2 protein chains.
Amino acid sequence: MNSVETLKNIRVVLTQTSHPGNIGAAARAMKTMGLSALALVNPRQFPHPDADARAAGALDVLRQAQVHASLAAALNGCVLAVATSSRRRELRHEMMAVRDAAHALLAQAASHPVAIVFGNESSGLSSEEAGLCQVWSYIPANPEYASLNLAAAVQIFAYELHVALPHAAGQHEPEFEPASLDQVGQLRQRFEQTMEHTGFLDPANPKRLPSRLRRLLARARLEVEEVNFLHGFLKSVDKLRR
Amino acid sequence: MNSVETLKNIRVVLTQTSHPGNIGAAARAMKTMGLSALALVNPRQFPHPDADARAAGALDVLRQAQVHASLAAALNGCVLAVATSSRRRELRHEMMAVRDAAHALLAQAASHPVAIVFGNESSGLSSEEAGLCQVWSYIPANPEYASLNLAAAVQIFAYELHVALPHAAGQHEPEFEPASLDQVGQLRQRFEQTMEHTGFLDPANPKRLPSRLRRLLARARLEVEEVNFLHGFLKSVDKLRR
């Protein structure tokens, strides 16, 4: 697949955006780097003249933006979702600098839709939203003032994707079919049920087991066949008696 | 010289800026990456409330900005001036991508002041201004729409400088202890034993299960705590009866 098609597979998702001007500026930032798929989750005001004004020559990106009622809907069909954070440390998630995240996204985007998710300007992503993403990424920044404007953050991610593209485009397509977010989510639930069955997980006092499991499965980048394999194993466990 | 001192030696020069909001947004972009030296050449309006508003938490950078009547004055004391352009080809100048320009600037900035020069939002740098710079640099972008907002261009240059600094260059403190190959190998054996116990794996006819498990565990890049966690789960399975 060529570079243009790869970039089309990369969805920029803005959730709960407060200022419509930021949506327009993000669209402009995307287009300067060849990105075009914009998804908006519950924007406070959209469409809006401020969005159009800041989009400048990227009105086409804005006009084609998809508006969704939930992040889950905006991620439909994606095999990888990368959350963005201004914090470097998120205990429950694998953290990647933006440059590494760009390579991870491109590796999948050659053949499947992927997403980068940006939260609200002030509050970022909710923990529910974060839970739908497998990787958290950050932009290396001044520890004393890491407050990038939303569109500036989109610009840097888009830029890193653009400059990483020539290298990634030459890679061969993955031999194996990556599991979808839904498939990994269902596997995780099944794992927890089985862990309850064996007595390893106490639902009244789960401690850190669920978050540990979530993080482990997110990092593993499971393939469809591996998900099926693990379901098979868990099924064999469920047949045992306490 | 340490990183902080090096960044202080890098002057961001905005010439003939039309919109004061862009000056404020540029100040914010600089501060997020640890830059603080802002020089303005004949800004159309400055100071201005729009500049303050877009600067957000970087008002200090704005307040310390030096205003000059000419680019020559703004470059006083600098040993290297890098012009920025949205065009990739400038016949009369050496052209560098922003990443290379960042390294060239840092090499000098450890001991001397240097500058990056951004022209007017619409017309860029005049040829007289361009003649005062030794290197022209560009941000790799979409050839069909390379029109980055001024502050977005400043953001990318500042970001590249930040990540090119020795302390930031791809380094990350490992938050978690990675499991050793031995630990992962022992976990894999235990997994196979448990799979035999549940009847999922038939040792007389293992099919592709062992190789699948090996591949999955290798890709997951497990941490020590996760290995222990999975051992705990497998132990709980082993206590069940067929």
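**Helix 10 against helix 10**

I began with helix 10 of chain A and helix 10 of chain B in this predicted model, and found that their axes lie 8 Å apart and pack at an angle of about 105°. An angle of 65 to 115 degrees counts as roughly perpendicular, and the two helices are therefore roughly perpendicular to each other. I then looked up who makes this contact: A:Leu216, A:Arg219 and A:Ala220 come from helix 10 of chain A, and B:Leu216, B:Arg219 and B:Ala220 from helix 10 of chain B. Sorted by type, the residues of this contact are four nonpolar, no polar and two charged.

I also checked the length of helix 10 of chain B, which covers residues 209-220; its 12 residues reach 17 Å from the first C-alpha to the last, close to the 16 Å expected at 1.5 Å a residue. Just after this helix I noted B:Arg221, which takes a positive phi of about 45°.

**The contact between the chains**

Next I took the whole contact, to which chain A gives 46 residues and chain B gives 48 residues. On the side of chain A that touches chain B, the elements giving two or more residues are helix 2 (20-32), helix 8 (150-169), helix 9, helix 10 (209-220) and helix 11 of chain A. Which of them gives the most? I found that helix 8 of chain A does, with seven residues. The residues on this side of chain A divide into 25 nonpolar, 12 polar and nine charged. For the complex, I recorded that the predictor gives an ipTM of 0.74 and a pTM of 0.77.

**Confidence in chain A**

I noted a mean pLDDT of 90 for chain A, with 93% of its residues reaching 70 or more. Residues 168-173 of chain A, however, have a pLDDT below 50, and beyond near neighbours in sequence this stretch has 10 contacts in the model. I kept in mind that where pLDDT is low, the predicted coordinates should not be read in detail.

**Helix pairs within a chain**

Within chain A, I looked at helix 9 (residues 181-198) and helix 11 (residues 224-238), which pack at an angle of about 20° with their axes 10 Å apart. Angles under 35 degrees count as roughly parallel, and these two helices of chain A are therefore roughly parallel to each other. Helix 9 of chain A passes helix 11 of chain A in a left-handed crossing. The residues of this contact divide into eight nonpolar, five polar and two charged.

Within chain B, I found that the axes of helix 2 (residues 20-32) and helix 8 (residues 150-164) come within 8 Å and cross at roughly 15°, and this pair is therefore also described as roughly parallel. Here the crossing is right-handed. Helix 2 of chain B brings B:Asn22, B:Ala25, B:Ala26, B:Ala29 and B:Met30, while helix 8 of chain B brings B:Leu150, B:Ala151, B:Val154, B:Gln155 and B:Ala158. I counted these residues by type as eight nonpolar, two polar and no charged.

**The loop after strand 2**

Last, I checked the backbone in the loop between strand 2 (37-41) and helix 3 (49-55) of chain A, where A:Pro47 has its place. A cis peptide bond joins A:Phe46 and A:Pro47, with omega about -5°. In chain B, B:Pro47 lies in the loop between strand 2 (37-41) and helix 3 (49-55), and the peptide bond from B:Phe46 to B:Pro47 is cis, with omega near -5°. I also found B:Asn42 in the loop between strand 2 and helix 3 of chain B; B:Asn42 has a positive phi of about 45° although it is not a glycine.

Key: Residues are numbered from 1 along each chain as its sequence is written. Chains are lettered from A and ligands numbered from 1 in the order in which they are written. This is a predicted model: local features need pLDDT of at least 70, side-chain atom pairs count only at pLDDT 80 or more; totals for chains, interfaces and linings use all residues. Helices (H or I, at least four residues) and strands (E, at least two) are DSSP runs, numbered from the N terminus. The expected span of a helix is 1.5 Å times one less than its number of residues. pLDDT is the predictor's confidence in each residue, from 0 to 100. Two residues are in contact if their C-beta atoms, placed from the backbone, lie within 7 Å. Axes are lines fitted to C-alpha atoms, for helices over the stretch in contact, and angles run from 0 to 180 degrees between N-to-C directions. Angles under 35 degrees count as roughly parallel, over 145 as roughly antiparallel, 65 to 115 as roughly perpendicular and the rest as oblique. A crossing is left-handed if the near helix is turned anticlockwise from the far one by less than a right angle, and right-handed if clockwise. Ala, Val, Leu, Ile, Met, Phe, Trp, Tyr, Cys and Pro count as nonpolar, Asp, Glu, Lys and Arg as charged, and the others, Gly among them, as polar.
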